Amino acid sequence: MYPNCPKCNSSYTYEDGVNYVCPECAHEWPTAGEVEEVVVIKDANGNVLQDGDTVTVIKDLKVKGSSSAVKQGTKVKNIRLVPDATDGHDIDCKIDGFGAMGLKSEFVKKI
């Protein structure tokens with residue numbers, strides 16, 4: 001039996017040469033050696049976030065370069081996760097009235 005996919009946990013993996021392949025998410029990883037670390041991004045309540053999720057801002061957030069703030073309760077649709085963000089802003093999104101920006105996952109909750 002082959003191991004589950006480390007990215008999406010699918011049980012439908014198969015071996016292709018020196019790699020395992022997941023047909024559901026197209027993730028490939030080596031059959032031998034080190035398995036890459038999968039980064040899991042969670043919201044303020046501990047729910048796992050995924051690309052395309054809709055979240056709500058849980059507190060007023062100041063926006064650099066603007067005199068206004070993103071208000072608590074603002075809905076943010078179709079987020080994109082950035083697991084290797086160096087500044088802690090691990091969510092890329094577009095917010096109506098503000099445009100494209102980065103958010104920290106600790107200030108949002110999944111809907």
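**Exercise 1. Surface and overall dimensions**

Task: State how much surface the protein chain exposes and what share of that surface carbon and sulfur atoms supply. Then compare the radius of gyration of the protein chain with that of a compact globule of 111 residues.

Solution.
Step 1. In this predicted model, the protein chain exposes about 7600 Å². Carbon and sulfur atoms supply 45% of that area.
Step 2. Of the 111 residues in the protein chain, 27% are buried.
Step 3. The radius of gyration of the protein chain is 18 Å, whereas a compact globule of 111 residues would have one near 13 Å.
Step 4. The C-alpha trace spans about 55 × 25 × 20 Å along its principal axes.
Step 5. The protein chain is divided into domain 1, residues 1-36, and domain 2, residues 54-110. The C-alpha centres of domain 1 and domain 2 are 33 Å apart.

**Exercise 2. Secondary structure and contact range**

Task: Determine how many helices and how many strands the protein chain has, and what percentage of the contacts between residues at least 6 apart in sequence join residues at least 24 apart.

Solution.
Step 1. The count is zero helices and eleven strands.
Step 2. Along the sequence, the pattern is accordingly written β-β-β-β-β-β-β-β-β-β-β.
Step 3. Taking the contacts between residues at least 6 apart in sequence, one finds that 36% join residues at least 24 apart.

**Exercise 3. The sheet of β1, β2 and β3**

Task: Give the strand order of the open sheet that contains β2, and identify its edge strands.

Solution.
Step 1. The order is β1-β2-β3, and the pairing is antiparallel.
Step 2. The edge strands are β1 (14-16) and β3 (28-30), each of which pairs on one side only.
Step 3. On average, neighbouring strands of this sheet are turned by 35° against each other, direction ignored.
Step 4. Strand β2, residues 19-21, is joined to β3 by three bridges, and these two strands run antiparallel. Within β3, P30 is the residue that stands opposite N19.

**Exercise 4. The sheet of β8, β9 and β10**

Task: Describe the pairing of β9 with β10, and name the turn residue of their hairpin that has a positive phi.

Solution.
Step 1. The strands β8, β9 and β10 form an open sheet in the order β8-β9-β10, with antiparallel pairing. Its edge strands, β8 and β10, each pair on one side only.
Step 2. Strand β9, residues 91-95, pairs with β10 over five bridges in the antiparallel sense.
Step 3. Two partners of β9 residues can be located in β10: M101 is the bridge partner of C93, and G99 is the bridge partner of I95.
Step 4. β9 and β10 form a hairpin with three residues between them. In the turn, G97 has a positive phi of about 90°.

**Exercise 5. Two strand residues: buried or exposed?**

Task: Classify T56 and A100 as buried or exposed, and list what each touches beyond four places in sequence.

Solution.
Step 1. T56 is found in strand β4, residues 55-57. Its relative accessibility is 12%, and T56 therefore counts as buried, the cut-off being under 20%.
Step 2. Apart from residues up to four places away in sequence, T56 touches G73, T74, K75, F107, V108, K109 and I111.
Step 3. A100 is found in strand β10, residues 99-103. Its relative accessibility is 64%, so A100 counts as exposed; the cut-off here is over 50%.
Step 4. With neighbours within four places in sequence left aside, A100 is in contact with C93 and K94. The C-alpha atoms of A100 and K77 are separated by 12 Å, and these residues are 23 apart along the chain.

**Exercise 6. Positive phi outside glycine**

Task: Locate N9 and N78 in the chain, and state the phi of N9 and of N78.

Solution.
Step 1. Most residues other than glycine have a negative phi.
Step 2. N9 is not a glycine, yet its phi is positive, at about 65°. N9 is found in the segment before β1. With 52% relative accessibility, N9 counts as exposed.
Step 3. N78, likewise not a glycine, has a positive phi of about 55°. N78 lies in the loop between β7 (75-76) and β8 (80-81). N78 is exposed because its relative accessible area is 58%.

Note on methods: Residues are numbered from 1 along each chain as its sequence is written. This is a predicted model: local features need pLDDT of at least 70, side-chain atom pairs count only at pLDDT 80 or more; totals for chains, interfaces and linings use all residues. Side-chain values use heavy atoms; hydrogens and water are left out. Two strands pair if DSSP finds at least two bridges between them. Helices (H or I, at least four residues) and strands (E, at least two) are DSSP runs, numbered from the N terminus. Axes are lines fitted to C-alpha atoms, for helices over the stretch in contact, and angles run from 0 to 180 degrees between N-to-C directions. The radius of gyration is taken over C-alpha atoms; the globule rule is 2.2 Å times the number of residues to the power 0.38. Buried means under 20% relative accessible area, exposed over 50%, partly exposed in between (1.4 Å probe, protein chains only). Contact means heavy atoms within 4.5 Å. Accessible areas come from the Shrake-Rupley method with a 1.4 Å probe; for residues, only the protein chains shown count as cover. Domain bounds come from an automatic or database domain assignment.
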